[in-house]
Each structure stands twice: as C-alpha cells, then as structure tokens.
Amino acid sequence: MAATIKDVAKLAETSTATVSKVMNGSYSISKETIKRVEWAMKELNYHPNMRARNFVRQSTRSVIFVTSLGRDAGFSNPHMFEIMAGLEAALSEKEYALGIKSLSKRDAIDYVKYVVDTKLADGLVIHASVISKELDMLVEEYKIPHIVIGMPDFQNHFCWIDIDNRLAGEMAAKYLLECGYQSLAFIGGREEDKISMHRLNGVLSVLSEHDVLVPGGYVQQGDSVCDSGYAMMEEVLFQQQRPDAIICANNYIAYGCVNALHDKNIQIPQQMGVLTFDDYPFSRILKPMLTVVNIDVYDMGFQTGKYILMKIKKPNLHVQSYITIPSLKVRDSTKKVY
C-alpha cells in the first residue's frame, strides 16, 4: 500500500501540516525539520500527488518560454539552448516544469492572451526577439508574471534582464591596449544587430578615452555569418595600414576572419591579434584557439529562472537590470607586444 502524508509525518515525528509546508517550500520551517521530512519521504518512497496539490494552490507549477526558434536554430543560435538549459535547471530545483513555445512577434500577443485566459502557466519568460509595444501594454494591463530576456529597444514596462554587452566591448578593448596593441579594428553585425552594436560602442568608448584613432575602414559591418566575416576581414586588410589586432563581434564572424588571415598568410598572433566574444561554437576549435570575452549564457538562463519564480511569488517585483558579468579568457590568438 502506498505511503500517505500521515505516514511521512509519523516517521519524521512532526505534523502533516509541517510536512505540507516542507513540500511547498515554506521558509518558516527549520533546516533540521526539512531534513527529517525529506528523509522520511525517501524512506517511505512517498511521492505527493502534484496534480492535486496544484489544483488546491491554483497553480500549474510551470513556466512557458516564448521565443522564436525555427529550423536549424541549434546551429544558427546555440546560445538559445544554453539559456534554456540554465532556465530549466533553476525551475526544476523548485519543481517547476518548463514549456517552450516558438512563434513570431506577430503571434506572440494572441498566444500570451491565450495563456492568461486558460491559466496555462504561472509565468512567462519572453525572449526579446518576440516583444512589441502591444505586448508590453498587454503584460502591463493584466499584470502577467514575466521576465524578458534582453533589454527592449523602446520605452516599456517590462521586467527584463540582459548581459551588459557594452561592458564586454570595453573589456575587449582594454585588454588589447594593455597587451600593447596600438591600432584596433572591429568587424561586426549590422546596425539592427543590437548585441554587436553595444559591443562596438564599448570598444569605441575605450579607444576614445585612450586617444586611439580609428580609421573609417577599421570598422566593418555585415551579416553575422562566416562568409561575411571573411569579406569584412579582407576589407580591413585593403586599408593603407593594417591594424595590430582585430575584434570580432561573434564566433561566426571570427571564423571567417581567421580563415581570411590564414589564406593571406598572416600569422596569428605574431602579425595580428584576434579576439572575439563567447566561448563557442568555434573559439576553442580554431587554430590558434581564440582569446574571448565570454558570456555565460547558461548562468543567464539560470538567473532568469530565479527571477521569474520571484516574480510569481511577488507580483509587485519590478526588475530591469544587467546580470552575469562577462569574463576574459586569454588564449593563443593574442600576445603581449611590448
């Protein structure tokens, strides 16, 4: 016969109310009591009826991640899956399930309305790629528990968290100047690529502070793909003077950049230093391995999970901040030059 909550309470030498509080994550129970209850549940192989518990609490114990994936997303945007892995890990610690809904920005509003009307989830994590001013108004009107991943580029009421990509750009430029490089170039995405633009702004702010001139040809913008990185690197090499080092806005651009330098027989780092952002998918497999300013996107997802759970418990909580500080990983593609 299956164990009951009364059996657990008896073995743990406490009340059924206390056992219930432990299972619901109450902060009013001592650590010693929690350990006894958890031990008793394990000894008796007791598993609470989650559906009944959720019905009583009027909770689904679930969060839905609303984003835009599409075919081959694992290759074109591997960071998304690291974010989801971190998010799921944080939610599972509190026995919350993660659902994923991929759709367009246009469809996001109707879907969020559907989630609210049907009480399909306790909260929403929304990727910035699918947000809009209309969705912002909806979330504000219905007071929907949510966290947006990525800083919105318009005035808004959203709760959002993001990585400080401007700071990452500053770190990249400061490190290369400290190495003794005197002229730096940047190849990155187009103006609508906000991550690339923020990184570029960080780089330029540091160079301006140190009175380092940046010729127009030293900043190239294109698509965030390998072929574009190759072409942009060629444009930089066509300038009258070559820079000492190149900063690539992401791994795909860096892949093309490194191939262009190899094809032109320019040695890395002896003749030109190369630095990029993020530790995958290519930084560790290129030769030489690339120095990176790394963004721990798994941690970003984990922090998102913690914040959405806080938002569910405290609906008045308002969050608009940067999290997860970038870190520098020095490898063989850069060197001290003085």
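**Exercise 1. Find the side chain that holds a polar contact with the backbone oxygen of C248, and describe its setting.**

Step 1. The backbone oxygen of C248 lies 3.1 Å from a polar atom of the T276 side chain. A polar contact is a pair of N or O atoms within 3.5 Å; within protein, one must be able to donate a hydrogen and the other to accept it, and residues adjacent in sequence count only if both atoms are side-chain atoms.

Step 2. Note the source. This is a predicted model, in which local features need pLDDT of at least 70 and side-chain atom pairs count only at pLDDT 80 or more, while totals for chains, interfaces and linings use all residues. Residues are numbered from 1 along each chain as its sequence is written, and side-chain values use heavy atoms, with hydrogens and water left out.

Step 3. Place T276. It is found in strand β9 (residues 273-277). Helices (H or I, at least four residues) and strands (E, at least two) are DSSP runs, numbered from the N terminus.

Step 4. Check burial. T276 is buried, with a relative accessible area of 0%. Buried means under 20% relative accessible area, exposed over 50%, and partly exposed in between (1.4 Å probe, protein chains only).

Step 5. List its surroundings. Not counting residues up to four places away in sequence, T276 touches C248, A249, N250, N251, A254, S283, L290, T291, V292 and V293. Contact means heavy atoms within 4.5 Å.

**Exercise 2. Work out how many disulfides the structure holds, and check C226 and C248.**

Step 1. A disulfide is a covalent bond between the sulfur atoms of two cysteines. The cut-off here is a pair of cysteine sulfur atoms within 2.5 Å.

Step 2. A search of the whole structure finds 0 disulfides.

Step 3. Take C226. The closest cysteine sulfur is that of C248, 11 Å away, which is too far for a bond. C226 is partly exposed, at 23% relative accessibility.

Step 4. Take C248. Its nearest cysteine sulfur, in C257, is 3.7 Å away, and C248 is in no disulfide. C248 is buried, at 0% relative accessibility.

**Exercise 3. Give the strand order of the open sheet of 6 strands and the helix that packs on it.**

Step 1. The order is β7-β6-β8-β9-β10-β12, with mixed pairing. Two strands pair if DSSP finds at least two bridges between them.

Step 2. Find the edges. β7 (219-222) and β12 (327-329) each have a single partner strand, so one side of each is left without a neighbour in the sheet.

Step 3. Read the twist. It averages 20 degrees from one strand to the next. Axes are lines fitted to C-alpha atoms, for helices over the stretch in contact, and angles run from 0 to 180 degrees between N-to-C directions.

Step 4. Add the helix. α9 (residues 165-179) packs on the sheet and touches β6 (184-189), β8 (245-248), β9, β10 and β12. Its direction makes about 160 degrees with that of β9.

Step 5. Inspect the pairings. β6 runs parallel to β8, with 4 bridges, and A185 has I246 of β8 as bridge partner. β6 also runs parallel to β7, again with 4 bridges; there G188 stands opposite Q221. β10 (residues 291-294) and β12 run antiparallel, joined by 3 bridges. N294 is the bridge partner of S327 in β12.

Step 6. Check cover on β6. 6 of its 6 residues are buried.

**Exercise 4. Identify the buried and exposed sides of helices α8 and α1.**

Step 1. In α8 (residues 133-142), the buried residues are L135, D136, L138 and V139. They cover an arc of only 165 degrees around the axis, which puts them on the same side of α8. The arc is that of the directions from the helix axis to the C-beta atoms.

Step 2. The face turned away from this buried side carries the exposed residues K133, M137 and E141.

Step 3. The cover over the buried residues of α8 includes α7 (105-118), β3 (123-127) and β4 (146-149). Just after α8, K143 takes a positive phi of about 55 degrees.

Step 4. In α1 (residues 5-12), V8, A9 and A12 are buried. They fall within an arc of 100 degrees seen down the axis, so they line one face of the helix. K6 and K10 are exposed on the other side.

Step 5. The buried residues of α1 pack against α2 (16-23) and α3 (31-43). Just after α1, E13 takes a positive phi of about 60 degrees.
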